Amino acid sequence: MSDVAATLLTVGFCVAYACVTEVGAPVWRATLMCAIYLGTRRLYRDRAMVNALGAAALGLLVFDPRQLFTASFQMTFVCVLIVAAIGIPILQRTSQQQKRALAHWDSRDYPALLPPHVAQFRVDLQFIAARVARFVGKQWSWRLVRFTAVFCLQAWELLFISAVMQMGLALPMAYYFHRATTIGLPSNLIVVPLTQLMMPTAVAAPFGYALGGGSSIT
């Protein structure tokens with residue numbers, strides 16, 4: 001579908017989700033930020049998470065300035081600000097660069113478009129794949145090396161973002177809840193991947209319930 005239709009449909013589903021969950025301000029804050037972020041595409045402007053965050057915060061404070069002094073408001077925006085202003089820029093200069101080396105794995109012309117250190121990383125992986133090919137064959141060695149590299153980079157990104165968020169939220173958590181936990185760092189390594197499986201499963205559950213004639217789903 002067109003970008004306009006896709007944007008309207010996405011925002012509509014977000015609003016419907018916020019209405020159905022009835023969680024309140026946190027979900028509506030996320031919905032507002034999503035709508036602003038997607039809306040900037042229709043104005044032919046660069047999408048900046050920090051700008052969307054500021055616009056969402058300003059919009060909410062116009063309606064209810066007292067939210068500024070609530071723990072929910074502060075921790076929600078501090079959390080997103082940490083990811084948008086600290087986590088993502090650092091990843092864009094580190095692991096995201098390395099991920100570019102894994103694209104178009106079979107192309108011989110693509111490395112010429114990469115920065116020198118990224119191209120060197122790609123060559124190193126191909127040398128490793130050539131060694132592994134002696135044992136499992138060329139096709140499987142390339143798949144194995146590429147999968148291992150992608151897995152390590154994604155695990156690093158998840159660990160890094162979790163660590164940055166824990167450090168950034170330590171002071172607000174200590175102030176509002178009189179504790180600063182560290183268990184969130186290893187927990188996120190398990191919870192985040194499982195959430196990606198849980199969300200589509202939860203969406204599919206009502207359809208499975210309906211197709212099963214209303215029988216209970218365990």
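Helices (H or I, at least four residues) and strands (E, at least two) are DSSP runs that are numbered from the N terminus. The model described here is predicted, so that local features need pLDDT of at least 70 and side-chain atom pairs count only at pLDDT 80 or more, while totals for chains, interfaces and linings use all residues. Residues are numbered from 1 along each chain as its sequence is written, and side-chain values use heavy atoms, with hydrogens and water left out.

A good place to begin is helix H7, where Leu 153 is found. H7 has 40 residues, 138–177, and the expected span of a helix is 1.5 Å times one less than its number of residues. For H7 this gives 58 Å, which agrees with the 55 Å between its end C-alpha atoms. H7 nevertheless has a kink of about 45 degrees at Leu 169, shortly before the proline Pro 172; the bend at a residue is the angle between axes fitted to the seven residues ending there and the seven starting there. After H7 comes His 178, whose phi is positive, near 60 degrees.

The next topic is burial. A residue is called buried under 20% relative accessible area, exposed over 50%, and partly exposed in between (1.4 Å probe, protein chains only). Among the buried residues of H7 are Ser 141, Val 145, Ala 149, Leu 169 and Pro 172. Leu 153 is also buried, with a relative accessible area of 12%, and its C-alpha atom lies 8.4 Å from that of Gln 96, although Leu 153 and Gln 96 are 57 residues apart in sequence.

Which residue forms a salt bridge with Glu 157? The partner is Lys 99, and the closest N and O atoms of the pair are 3.2 Å apart. Glu 157 lies in helix H7 and Lys 99 in helix H5 (residues 95–100), so the salt bridge ties together parts that are 58 residues apart in sequence. A salt bridge is defined as a side-chain nitrogen of Lys or Arg within 4 Å of a carboxyl oxygen of Asp or Glu, and by this rule the count comes to one. Glu 157 counts as buried at 12% relative accessibility, whereas Lys 99, at 25%, counts as partly exposed.

Aromatic rings come next. Rings of Phe, Tyr and Trp (its six-membered ring) pair if their centres lie within 6.5 Å, and planes under 30 degrees apart count as stacked, over 60 as edge-to-face and the rest as tilted. A search of the whole structure finds four aromatic pairs. In one of them, the rings of Phe 147 and Phe 151 have centres 6.4 Å apart and planes at 25 degrees, so this pair is stacked. Phe 147 and Phe 151 are four residues apart in helix H7, a separation of about one helical turn, and both residues are exposed. Another pair, Trp 156 and Phe 160, is tilted, with 5.3 Å centre to centre and 35 degrees between the planes. Here Trp 156 is partly exposed, with a relative accessible area of 40%, while Phe 160 is buried, at 15%.

Trp 156 also belongs to a nonpolar patch on the surface, together with Leu 159, Leu 189, Ile 190, Val 191, Leu 194 and Leu 197. H7 and helix H8 (184–211) are the elements that give two or more residues to this patch, and the largest share, five residues, comes from H8.

Note on methods
Patch = residues over 30% accessible without salt bridge, like charges linked within 9 Å, V, L, I, M, F, W, Y side chains within 5 Å. Areas by Shrake-Rupley, 256 points an atom, 1.4 Å probe, with all protein chains shown as cover.
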